[in-house]
Every structure is written in C-alpha cells, then in structure tokens.
Amino acid sequence: MRVLGVDPGLTRCGVGVVEGVAGRPLTMLGVGVVRTPADAEPAHRLVAVEQGIEAWLDEHRPEYVAVERVFSQHNVRTVMGTAQASAVAMLCAARRGIPVALHTPSEVKAAVTGTGRADKAQVGAMVTRLLRLAAPPKPADAADALALAICHIWRAPAQNRLQQAVALHAARTPPAAPKGRTE
C-alpha cells in the first residue's frame with residue numbers, strides 16, 4: 001500500500017509518502033513541505049497548495065491519501081487556513097479517484113507512539129525509528145505527514161474489515177416498514 005500523508009496548513013503543508021503493509025517494515029518514498037508566502041492572497045496560496053499536492057500525486061502515484069482531520073482550535077484564522085488546505089488535498093485526491101481517509105491528531109499520535117497525547121518530538125522520534133531514518137524529518141509538518149501515512153497503513157485493514165461487515169449486515173437486514181402509514 002502506498003499512502004500520501006498530508007498535514008494540512010496554508011503556510012506549511014506537510015507531505016510524505018510511505019509504502020508498506022501492516023506488520024512489515026515500512027519505506028519512506030518522499031517527504032517535504034509545500035510552502036506558501038504568508039503575505040499572498042489566500043486564493044493564490046490555495047492554488048499553490050493545490051499545485052504542490054498535484055506534483056506529489058504525479059510523482060508518487062499513491063493508492064490512498066491520508067489527511068489530518070481538522071479539529072477546533074482557539075485561533076479561528078489558523079483553523080480556517082488548515083481546513084482550506086485540507087479541502088484542497090481531498091479535492092486533488094478525489095479528482096483522481098484516490099480514496100481519502102481522515103485521521104484525528106490523537107489517532108495518529110496513538111498509532112505511531114502508543115499515546116494520543118504525544119508531543120511533536122515524540123512523533124518525530126517514532127517516525128524516524130519506524131522508517132529507519134538517520135534523523136527526524138524537518139519541519140515537524142513533514143514528520144506529521146509521514147505519521148499520517150503510517151497511521152493509515154496500520155489502521156486501514158481493520159477499518160476496511162469493519163466497513164465490509166457493516167455493509168454485509170446492511171445488505172442482509174430488510175428495510176424497515178415506513179411508520180405511520182396505513183392503507
């Protein structure tokens with residue numbers, strides 16, 4: 001499985017590609033950051049994020065895109081930029097028919113470090129160890145993108161089995177009769 005992890009941000013959008021399967025050693029295929037100038041118009045910054053993500057999709061041809069789920073923050077401007085960059089990443093993947101998975105920050109931290117309360121340094125250290133890198137990827141946005149990809153590789157098999165079970169149950173369960181209608 002090849003996954004592009006995206007740590008969305010309007011100034012720095014972390015991207016990282018990891019290949020592998022759960023239970024086996026993983027391989028980093030690329031890591032970086034799509035940057036936009038803070039003084040540029042938001043629409044132009046979003047175009048730059050789109051172009052950067054499209055370039056990563058062209059180069060690495062991932063089977064899945066894992067994006068950090070935006071959560072409420074105290075700084076509304078920050079959360080807006082993050083949400084917009086997240087939407088651009090999802091749009092780029094959907095346009096190509098690539099499945100998108102959203103993972104919360106605590107899910108990613110728990111998958112990679114064993115605790116949902118890990119700090120940036122702990123995530124970077126575990127990403128370095130899991131991918132057998134010489135040093136933690138810099139900046140932290142890049143390490144977070146790799147952590148997202150790792151999280152998806154490890155969680156996708158269980159999530160897929162759960163979705164299949166729910167779909168099978170729904171197919172076997174007859175639809176309920178409408179309530180309140182008598183004829």
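Helices (H or I, at least four residues) and strands (E, at least two) are DSSP runs, numbered from the N terminus, and by that reckoning the chain holds 5 helices and 5 strands. This is a predicted model, in which local features need pLDDT of at least 70 and side-chain atom pairs count only at pLDDT 80 or more, while totals for chains, interfaces and linings use all residues. Residues are numbered from 1 along each chain as its sequence is written, and side-chain values use heavy atoms, with hydrogens and water left out.

Begin with the whole chain, coloured by secondary structure: read along the sequence, the pattern is β-β-β-α-β-α-β-α-α-α, and the C-alpha trace spans about 70 × 40 × 35 Å along its principal axes.

Next, select the strands, where two strands count as paired if DSSP finds at least two bridges between them. The 5 strands form an open sheet of mixed pairing, in the order E3-E2-E1-E4-E5. Strand E3 (27-35) and strand E5 (100-103) stand at the edges with a single partner strand each, so one side of each has no neighbour in the sheet. Zoom in on E2 (residues 12-19), which is joined to E3 by 8 bridges in an antiparallel arrangement; at Glu19, the bridge partner in E3 is Thr27.

Now add helix H1 (residues 42-60), which lies across E1 (2-7), E2, E3 and E4 (64-68) and runs at about 165° to E3, an angle taken from 0 to 180 degrees between N-to-C directions of axes fitted to C-alpha atoms, for helices over the stretch in contact.

Helix H2 (residues 76-95) is the following stop, and its buried residues (under 20% relative accessible area, with a 1.4 Å probe and protein chains only) include Val79, Ala85, Val88 and Cys92. The buried residues of H2 pack against E1, H1, E4 and E5, where contact means heavy atoms within 4.5 Å. Just after H2, Gly97 takes a positive phi of about 75°.

Finally, turn to the nonpolar cores, each a set of buried Ala, Val, Leu, Ile, Met, Phe, Trp, Tyr and Cys residues joined through side-chain atoms within 4.5 Å. The largest core has 18 residues, and Val18, Leu26, Val127, Leu131, Ala147 and Ile150 have the most contacts inside it. Helices H3 (105-113), H4 (120-130) and H5 (140-172) each supply at least two residues of this core, and the largest share, 7 residues, comes from H5. Select Ile150 and, leaving aside its neighbours within four places in sequence, you will find contacts with Val18, Leu26, Val112, Val127, Leu130 and Leu131. A second, separate core of 17 residues includes Val6, Val34, Trp56 and Val88.

How values were computed:
Buried means under 20% relative accessible area, exposed over 50%, partly exposed in between (1.4 Å probe, protein chains only).
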